[in-house]
Amino acid sequence: MKINWYLKTDQNTYQGEVEAQEKTEIAVNLSHETIASCVCRVNFPLQTGEKIFVNGFQSWTYCPEHDPHDLDRSMQGVPSFVIRKYGLDKSGDEAFTHYGHKRGIFTGYSWAYFRLNNIYHLFGSLDEDPGYTRFIYDANKQVLTMERDVSGVTMDGRYHVLDLFQASGSEKEVFDGWFKELGITSRAAAKLYGYSSWYNRYQEINADAIQDDLAGCNTILKQGDLFQIDDGWEPYVGDWLEADQNKFPGGMKDQADRIHKDGYLAGLWLAPYVAETKSSLYQNHPDWFLQEDGYPLSAGSNWSGYYALDFDNQEVRAYLKQVFDRIFNEWGFDLVKLDFLFAAAMKPTANETRAARMHRAMIYLRSLCKDHLILGCGVPLFPAFGLVDYCRIGPDMSLSWDDVWYMKPLHKERISSAHTIINTVVRHGIDGRAWRNDPDVFLLRKDNIKMNEKQKMDLARINAIYGGVFLTSDNPSSYTPEMQQQYQQLRQLSEAKIISLATGKDEITANLLVDGSPTVMNVSLKGR
């Protein structure tokens, strides 16, 4: 298998051909040269029945396995004013990636695999700082293209055109081999169980509601599980130093103390690299934000509209240091869920790629959090490998199986239970290697939900079998004895030993040892 490579700068053109190895490195010496394009290609013929996977850009990006004639979803055809109004191109890659909208062409980042039954052929990047490795497979031409996201960035010194690992074997064999070469191990070993406030109450939380849910959790959770307060505790997104006094008059230390009193880890949500328009941070410090055309860089339309902070600004660093010191050392929280992290690196700088900046942003957060637990979310995955303890690997689940029809053509990062269940399966290979995978929550309740019983149970069982985090967002005080038993059975299932997994187009077949007993479980991927 030969790799043809091509690097064009403002001064020179470099090219060559190398024989692909298990570990392939291609590098050239540059003298302050601005890169126009960096492309590598390899012929990779498909076998009959072989599936194609290219990893999506960030946590929320839908990235299913494909058949050769599938159409890779993009926003082509969505009116530009809709994209601008709702910031649909902010959280993903469509602002800087061309999707041809042609059947048989699939685009992703950092790793790709081809699967025939239970045999995988994995291609994985070994270094993304030189630019995200964009994997593009053209099933029509049977060619895998690997290109760096580095156009317009000036490099000086030895530049890595490609750092690639490839191997064939079982899922375990190829991912074990890749992470051994990466030198990365998961910070967390055991699964994390618990509760999140988001998917029932959303931002409508207060001290009484949280304490009601805490009391309910005492009927199902175990000592050492997580009780996480999600978005809604802060006055506005970006203002993290105090709680909303109308909702939490006793402050957040009081909440953490109550959680600890009941024997749980205390978790708190925040989005450290963004602030919304209504926040004091945005109104008082417009110079703290990344700039675009002389204005703060918009990162999306959530809340009152939100903007990306510049973590290289020393005043921003001082503020974030104060925030994390307060959360951990004054309030006493054990875990932070850090969300919307992509905003730290939406654009490259003159001398730094998006990927290098994202990696540096994650290293910085780890330095602020020290040994406290981090659950990452809304983050490009490779730059966070080994730096967070847990990480979301799919989009937000929804209270229905999938969104209404008019949402389906929109961006790959949209909320969808149907999408998150697929991502939980196809990104299983990094669970326990990069971190423990967070598939998002499951729900057993009967009110404030539009999924039927089968859909709820299929989602819960996929989370149990494939996930490294197992959270509910119900108030368990509403559980009947039957639902309490369901929860305990699912928890037992999540502790099962996986013997083998077979992934079909519509169904997963899992051979498990559940409490020592052989069990075969079929789970629908289609919600029916």
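**Cavity lining, strand pairing and helix burial in the predicted model**

In the predicted model, the largest cavity is lined by Ser 196, Tyr 199, Gln 228, Asp 230, Lys 337, Leu 375, Asp 438, Asp 440, Val 441 and Leu 471. By character, the residues of this lining divide into 4 nonpolar, 2 polar and 4 charged. The volume of the largest cavity is about 50 Å³, and a search of the whole structure returns 1 cavity of 30 Å³ or more. In general terms, a probe the size of a water molecule, rolled over the atoms, shows where empty space is left.

Strand pairing was examined next, beginning with strand β3. Strand β3 (residues 23-43) pairs with strand β1 (residues 2-9) in the antiparallel sense, over 7 bridges, and within this pairing Thr 9 stands opposite Ile 35 in β3. An antiparallel pairing also joins β3 to strand β10 (residues 154-169), here over 10 bridges, with Asp 163 in β10 as the bridge partner of Glu 25. Strand β9 (residues 143-148) likewise runs antiparallel to β3, to which it is joined by 5 bridges; in β9, Val 143 is the bridge partner of Asn 43.

An open sheet is formed by 3 strands in the order β24-β25-β26, and the pairing in this sheet is antiparallel. Its edge strands are β24 (497-503) and β26 (517-524), each of which pairs on one side only. Neighbouring strands of the sheet are turned against each other by 15° on average, when direction is ignored. Helix α10 (residues 453-466) packs on this sheet and touches β24, β25 and β26, while the direction of the helix makes about 125° with that of β26. Between β24 and strand β25 (residues 507-514), the antiparallel pairing extends over 6 bridges, and Ala 502 stands opposite Thr 509 in β25. As a general point on such elements, the side chains of a regular strand alternate between the two faces of the sheet.

Burial was then considered for three helices, α5, α4 and α7. In helix α5 (residues 251-261), the buried residues include Gly 251, Met 252, Gln 255, Ala 256 and Ile 259. The elements that cover the buried residues of α5 include α4 (207-217), β12 (226-229) and β13 (265-270). Just after α5, Gly 263 takes a positive phi of about 95°.

Helix α4, which is among the elements covering the buried residues of α5, contains Ala 209. The relative accessible area of Ala 209 is 9%, and this residue is therefore classed as buried, the cut-off being under 20%. Along the chain, Ala 209 and Ser 197 are 12 residues apart, and their C-alpha atoms are separated by 9.3 Å; Ser 196 belongs to the lining of the largest cavity.

Arg 326 is placed in helix α7 (residues 314-330). With a relative accessible area of 15%, Arg 326 also falls under the 20% cut-off and is therefore buried. When neighbours within four places in sequence are left aside, the contacts of Arg 326 are with Leu 241, Glu 242 and Trp 331.

Definitions and conventions. Residues numbered from 1 in each chain as written. Predicted model: local features only at pLDDT ≥ 70, side-chain atom pairs only at ≥ 80, totals over all residues. Heavy atoms only, no water. 1 Å grid on protein atoms, 1.4 Å probe; cavity = no way out; pocket = protein on both sides within 12 Å on 5 of 7 lines; lining within 4 Å. Points joined across faces, edges and corners; volume = space filled by probe spheres on them. Nonpolar A, V, L, I, M, F, W, Y, C, P; charged D, E, K, R; others polar. Pairing = 2+ DSSP bridges. Helix = DSSP H or I, 4+ residues; strand = E, 2+ residues; numbered from the N terminus. Axes fitted to C-alpha atoms, helices over the stretch in contact; angles between N-to-C directions. Contact = heavy atoms within 4.5 Å. Buried < 20%, exposed > 50% of the residue type's maximum accessible area, 1.4 Å probe, protein only.
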